[in-house]
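Here's a quick briefing to keep open beside the viewer. It goes through charge pairs, strand pairing, surface patches and a few backbone angles.

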Amino acid sequence: MSNISFSKSDSKRHVRIPNDIDGDISELVGVIFGDGCLFEHKASNKTIIDISGDKDGDEEFHKFISRLFHKKFGIRLISYDYGTWVQSRIHSKAVFSYFTKTLNLKTGNKNNSLEIPKLILENDLKFLRFMRGFADTDFCLTFQKRSRKRHYYPIIKTAVNNRKLIEQIAKKLLDLGFKVHTEYDRLDYDKRSGKYYKKSYLFLNGKDNLLKWIHRIGFKNGKHMTKYQVWKKFGFCPPKTTLEQRKLILQNSFDPESFYNQ
């Protein structure tokens, strides 16, 4: 692509740029929308893509992201361990140019101007892959008790400070047959900063939505998928379980009922 700039390091490492924007690229865009950040380090004149996550829940998922980057660009992420969280990074002028020039992704802190690229939003298959990448990094899957004794009722949800983005997603999911609930511009209190921030919420409630999600979108992040698998196997999923605990539950090495007997 003529608008892509390659550095000497890119050429040396044989970095390549995809000819088309397919499902894999759409999924990576979703990941960047969720936990990613594109920025230019002025002191070193480096262009950087960072993806951050929780060490306990996201470390394995970052390996999947790295494989996807390698598949599309011929370059892997460099991972850093910061104790409770992990960060994966790419230094590449060409890859950075691809996301900022070809796909028009914003650099720096995400803000209300962030919108799904039109060529992804208007293609159902690409949008579904985008949603998987975004959900794997910025959504959560929870289960409520409601009137029962166990946490059986599934809710897929997210909250961002970008109303336009939630509007885009909600409309497209409705068009694709999902039942969607939204709350716009809700004031949420942040204990760390002591301030209130406006956030817009998206909810997909109930069994039908979850099964449709698994069939059409799915999860690649184990922290979400193991919750679904526990729920599918036992009919409920206890709250506040770790990824490792859920793996043990699925191996029949840990009784999920024990979370209710404490």
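Let's start at Arg-13, which is partly exposed, with a relative accessible area of 35%. Its salt-bridge partner is Asp-10, and the closest N and O atoms of the two are 3.1 Å apart. Asp-10 itself is buried, at a relative accessible area of 0%. Keep in mind that this is a predicted model, so everything below is computed from predicted coordinates.

**Salt bridges**

- Searching the whole structure turns up 22 salt bridges. As general background, side chains of opposite charge can pair when their charged atoms come close.
- Asp-24 and Arg-129 are another pair to pull up, with their side chains meeting at 2.5 Å, N to O. Asp-24 sits in helix H2 (residues 23–35) and Arg-129 in helix H6 (residues 124–138), so this salt bridge ties together parts that are 105 residues apart in sequence.
- Is Asp-24 buried or exposed? Asp-24 is buried, because its relative accessible area is 8% and the cut-off for buried is under 20%.
- Its partner Arg-129 has 24% relative accessibility and so counts as partly exposed.
- Asp-24 and Arg-129 also belong to a network of salt bridges, which links them with Asp-22, Glu-27, Lys-71, Lys-72 and Arg-132.
- Over in helix H10, Glu-244 and Lys-247 are three residues apart, or about one turn of the helix. They form a salt bridge too, with 3.6 Å between the closest N and O atoms.
- Both ends of that H10 pair are partly exposed: Glu-244 has a relative accessible area of 48%, and Lys-247 comes in at 22%.

**Strands E6, E7 and E8**

- Strand E8 (residues 195–205) pairs with strand E6 (residues 153–160) in the antiparallel sense, over six bridges. To find the register, look at Ile-155, whose bridge partner in E8 is Asn-205.
- E8 also pairs with strand E7 (residues 181–190), again running antiparallel, this time through eight bridges. Here a handy marker is Thr-182, which has Leu-202 as its bridge partner in E8.
- How many residues lie between E7 and E8 in their hairpin? There are four, and Gly-194 in the turn has a positive phi of about 70 degrees.

**The E3–E4 hairpin and its nonpolar patch**

- E3 and E4 run antiparallel and are joined by four bridges. In this pairing, Ile-78 has Arg-89 as its bridge partner in E4.
- The two strands make a hairpin with three residues between them, and Gly-83 in the turn shows a positive phi of about 85 degrees.
- Ile-78 turns up again on the surface, where it joins Tyr-80, Tyr-82 and Trp-85 in a nonpolar patch of about 370 Å².
- Of those patch members, Tyr-82 lies in the loop between E3 and strand E4 (85–91). At 42% relative accessibility, Tyr-82 counts as partly exposed.

**A positive patch**

- Which residues form the positive surface patch? The members are Lys-63, Arg-67, Arg-76 and Lys-220.
- Arg-76 is placed in the loop between helix H3 (55–73) and strand E3 (78–81).
- The relative accessible area of Arg-76 is 46%, which makes it partly exposed.

**Positive phi outside glycine**

- Arg-146 has a phi near 55 degrees, a positive value in a residue other than glycine. Look for Arg-146 in the loop between strand E5 (140–144) and E6.
- Lys-240 is another such case, with a positive phi near 60 degrees in a residue other than glycine. Lys-240 is in the loop between helix H9 (222–234) and helix H10 (243–250).
- Why does Lys-240 count as exposed? Its relative accessible area is 84%, and exposed means over 50%.

Methods. Residues numbered from 1 in each chain as written. Predicted model: local features only at pLDDT ≥ 70, side-chain atom pairs only at ≥ 80, totals over all residues. Heavy atoms only, no water. Pairing = 2+ DSSP bridges. Patch = residues over 30% accessible without salt bridge, like charges linked within 9 Å, V, L, I, M, F, W, Y side chains within 5 Å. Areas by Shrake-Rupley, 256 points an atom, 1.4 Å probe, with all protein chains shown as cover. Salt bridge = Lys/Arg side-chain N within 4 Å of Asp/Glu carboxyl O. Lys, Arg positive; Asp, Glu negative; His and termini not counted. Charge placed at Lys NZ, Arg CZ, Asp CG, Glu CD. Buried < 20%, exposed > 50% of the residue type's maximum accessible area, 1.4 Å probe, protein only.
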